[in-house]
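The following report describes selected local features of a protein model. Please consult the sequence and coordinates shown below while reading.

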Amino acid sequence: MQRTLIVEALKSEKPLNNISVCGWVRTRRDAKGFFFVEINDGSCLGNLQCIVDEGTEAWMALADANTGAGVAISGDLAPSPGKGQKWELRAKTATVFGLADPEAYPLQKKRHSDEFLRTIAHLRARTNKYGAAFRIRSETAFAIHDFFRQNHYILVHTPILTGSDCEGAGEMFRVTTLAPGEKNVSEDFFNRGCNLTVSGQLELEALAMGLGRVYSFGPTFRAENSNTPRHAAEFWMVEPEAAFIGLDDLMDLGEGLVRHVVRHVLDRCQEDIGLFDKFVDKGLAARLENMLKLPFARIPYAEAVHILEDSGREFTYPASFGIDLQTEHERFLSEEHFQRPVIVYDYPREIKAFYMRGNEDDETVAAMDVLVPRIGELIGGSVREERLPRLQARMEELGQKLDDYWWYMDLRRFGTVPHGGFGLGFERLLMMLTGITNIRDVLPFPRTPGSLEF
Ligand code: 4AD
Ligand code: MG
């Protein structure tokens, strides 16, 4: 018998005889002469209710199948007389692949705290909330690829092992084959130091100088010891890089991407978004819809600082020109002041990375961050310094070893052109789309300081 996915069964237009579904028992209710089991197979939020009548083969087979058991059930899909579902499965035969001892299975209860579920990350995909979160994660990734494809961006894969520090921030994980205690880097696998990448940007710039418009979507690693709900040590970043692009185009690209994804997820993930709207973040769907109604606000950094200074708000870090915006500032601007996403641009040179293009005022760089309500920074990007003398001077100022970046500077030596790009934190986007407030709950197996269990 061919297997039918529950998402297909629930959407069926007509009764179906002799279908077979596989999944995990979510609930079981015993009655006189029959029992119900609700099965979920991960293909959608909904369960398929199965009626198992006394005397059927299925009745015998499922005798001990409680919450958590992995089963296959075959029978006829028929209209359900009960409330809340269109179809039910009248079970005829069944197989139990594996039982789950009710005394030991941790997901017996209906509701569990997020904190508890993090300790059983290997089981939480079997709950409604995490199933929904990971399905939205998948659909969001498709929406991102779809957007770039429509805009003629070429997908490239940048290396994960790298010899350079893109952000110049020194927050890198070291990769080595040397035994503990061995210190001679020249004897290491690559005869030099190797790190996990913090961003594919430098390589993307090289590829954009031939392919024009490129993007990557892959894992990035940061050894920053910040235990916040918005930082993970391993996260996924979406990074477009384009030749012949200026700051306004870059802002349009970032805004366009976010809008495209929100529209796509609202249209394609209604049921899963509905769950978050109801149980996690009331009003989520309406807020996402609203986000699409107005253009994002756009203000220079200097103006953002004025708004913060004039806000009358007591921030933990008081705002003044030259400070790096903190999450509290970013959230105030987007959540309270503008009440929508806001793009802040032209940041002071001193707080930004070496590769950002210097503005004529000699004080700011052509950088832009997209800040969104509840999250703060979602996107960080810039136009790149394409003028070799300026780039060199800046790197020297910052004490960077020019030799390490010879190939990066070659890009400025041969056919340099204006270009720029950004990085979007994929998990932060998912937090925005689901209302989930901790990054640990949008990553299937989060890596954060002191936490690497799974
Ligand atoms: O602003 P960031 O550091 O920018 C870059 O790395 C650039 N090289 C990207 C580029 O221009 N190609 O990081 C980009 C985004 C941030 O806006 C944030 O959303 C996310 O990556 N991000 C993190 N997400 C989760 N955990 C962390 N530790 C993150 N650090 C940055
Ligand atoms: Mg940033």
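Which residue with a positive phi follows α12? Helix α12 is followed by G415, with phi near 65°. The structure is a predicted model, in which local features need pLDDT of at least 70 and side-chain atom pairs count only at pLDDT 80 or more, while totals for chains, interfaces and linings use all residues. Residues are numbered from 1 along each chain as its sequence is written, chains are lettered from A and ligands numbered from 1 in the order in which they are written, and side-chain values use heavy atoms, with hydrogens and water left out.

**Helix α12 and its surroundings**

Helices (H or I, at least four residues) and strands (E, at least two) are DSSP runs, numbered from the N terminus. Helix α12 spans residues 406-413, and Y408, M409, L411 and R412 are buried there (under 20% relative accessible area; exposed is over 50% and partly exposed in between, with a 1.4 Å probe and protein chains only). Viewed down the axis of α12, the buried residues lie within an arc of 140°, so they line one face of the helix; the arc is that of the directions from the helix axis to the C-beta atoms. The cover over these buried residues includes α5 (201-211), α11 (388-397) and β15 (419-425).

Helix α5 also contains L207, which is partly exposed at 31% relative accessibility.

**R28 in strand β1**

R28 belongs to strand β1 (residues 16-31) and is buried, with a relative accessible area of 17%. The side chains of R28 and D30 are joined by a polar contact of 3.2 Å (a pair of N or O atoms within 3.5 Å; within protein, one must be able to donate a hydrogen and the other to accept it, and residues adjacent in sequence count only if both atoms are side-chain atoms). A polar atom of the R28 side chain also lies 3.3 Å from the backbone oxygen of A63. When neighbours within four places in sequence are left aside, the residues in contact with R28 (heavy atoms within 4.5 Å) are F35, F36, V37, L62, A63, D64, A65 and N66.

**Positive phi outside glycine**

Two residues other than glycine with positive phi are listed below.

| Residue | Phi | Location | Relative accessibility |
|---|---|---|---|
| N191 | near 55° | loop between β7 (161-162) and β8 (195-196) | 54%, exposed |
| D346 | about 55° | strand β12 (residues 342-348) | 22%, partly exposed |
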